[in-house]
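Subject: Structure handover

Hello,

The structure we discussed is below. My notes on the ligand site and one helix follow it.

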Amino acid sequence: MALRLGDEAPNFTIETTEGTINFHEYLGNSWGILFSHPKDYTPVCTTELGYVSKIKNEFDKRNVKILALSVDPLESHKGWTKDINETQNTTVNYPIIADPERKVSNLYDMIHPNANETFTVRSVFIVGPDKKIKLTLTYPASTGRNFQEILRVIDSLQLTSSYSVATPANWNYGEDCIVVPALSDDDANKKFPKGFRKIKPYLRYTAQPNI
Ligand code: BEZ
């Protein structure tokens, strides 16, 4: 069955471009992003892996460990990485899983046979420090992902895991948040010293609480 939000992220031990990795040990107490690519030496994947290496500092700032996956073998990844570095003007700086036996791909349901029998789709799993799955995304092979959106979701996940807020449509870091409906007005006054705006009993805004 497909993995769902709140499920434990299944553990695995696998070869990567940076040696053998045990997923849970690799994550430690950090957040994690595990994302799959259909195939080595393909154009969209090349741009995605290059872009992620350029914004790795954004994942580091948020305490998120990066782990990519492609079903091709290690030797193929090594050659392809050179191409990514050359064409995207970067240095790939995070591990890429080699999964020719589809061990992780099957564990995480990354192969959708009606889309393609053998290649993984573009899956994204965000895992929390508790090893639970916080976000899943599935993109088709033909569409490169928006990694700024993924950083935005991580900001929301990290904020809402610590404060009694949710984030509205198109929210970005620093903007007003929504007071969770479960909180009474009295408790909201205590939790949010800057106050809140009440549009409806269920629609209350407050300044982002951690800045
Ligand atoms: C790509 O990464 O460019 C790609 C991979 C598989 C199918 C289509 C595009």
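A backbone N or O atom of proline 43 sits 3.2 Å from an oxygen atom of the ligand. This is a predicted model, and every distance here is computed from it. Cysteine 45 also makes a backbone contact, with an N or O atom 2.9 Å from a ligand oxygen. For threonine 42 the contact comes from the side chain, where an N or O atom is 3.0 Å from an oxygen atom of the ligand. Taken alone, the ligand exposes 260 Å², and the protein buries 74% of that.

The residues around the ligand are Pro38, Thr42, Pro43, Val44, Cys45, Arg122 and Ala141. By type, this shell holds five nonpolar residues, one polar and one charged. Helix H2 (residues 43-54) supplies the largest share of the shell, with three residues.

The other item is helix H6, which covers residues 147-160. Does its length fit the rise expected of a helix, or depart from it? It fits: the expected span is 1.5 Å times one less than the number of residues, so the 14 residues of H6 should span 20 Å, and the C-alpha atoms at its ends are 20 Å apart.

At the start of H6, a side-chain oxygen of asparagine 146 comes to within 3.0 Å of the backbone nitrogen of glutamine 148. The buried residues of H6 are Phe147, Ile150, Leu151, Val153, Ile154, Asp155, Ser156, Leu157 and Leu159; Asp155 and Ser156 are thus among the buried residues of this helix.

Regards

How values were computed: Residues are numbered from 1 along each chain as its sequence is written. This is a predicted model: local features need pLDDT of at least 70, side-chain atom pairs count only at pLDDT 80 or more; totals for chains, interfaces and linings use all residues. Side-chain values use heavy atoms; hydrogens and water are left out. A residue is near a molecule or strand if one of its heavy atoms lies within 4 Å of it. A polar contact is a pair of N or O atoms within 3.5 Å; within protein, one must be able to donate a hydrogen and the other to accept it, and residues adjacent in sequence count only if both atoms are side-chain atoms. Accessible areas come from the Shrake-Rupley method with a 1.4 Å probe; for residues, only the protein chains shown count as cover. Helices (H or I, at least four residues) and strands (E, at least two) are DSSP runs, numbered from the N terminus. Ala, Val, Leu, Ile, Met, Phe, Trp, Tyr, Cys and Pro count as nonpolar, Asp, Glu, Lys and Arg as charged, and the others, Gly among them, as polar. Buried means under 20% relative accessible area, exposed over 50%, partly exposed in between (1.4 Å probe, protein chains only).
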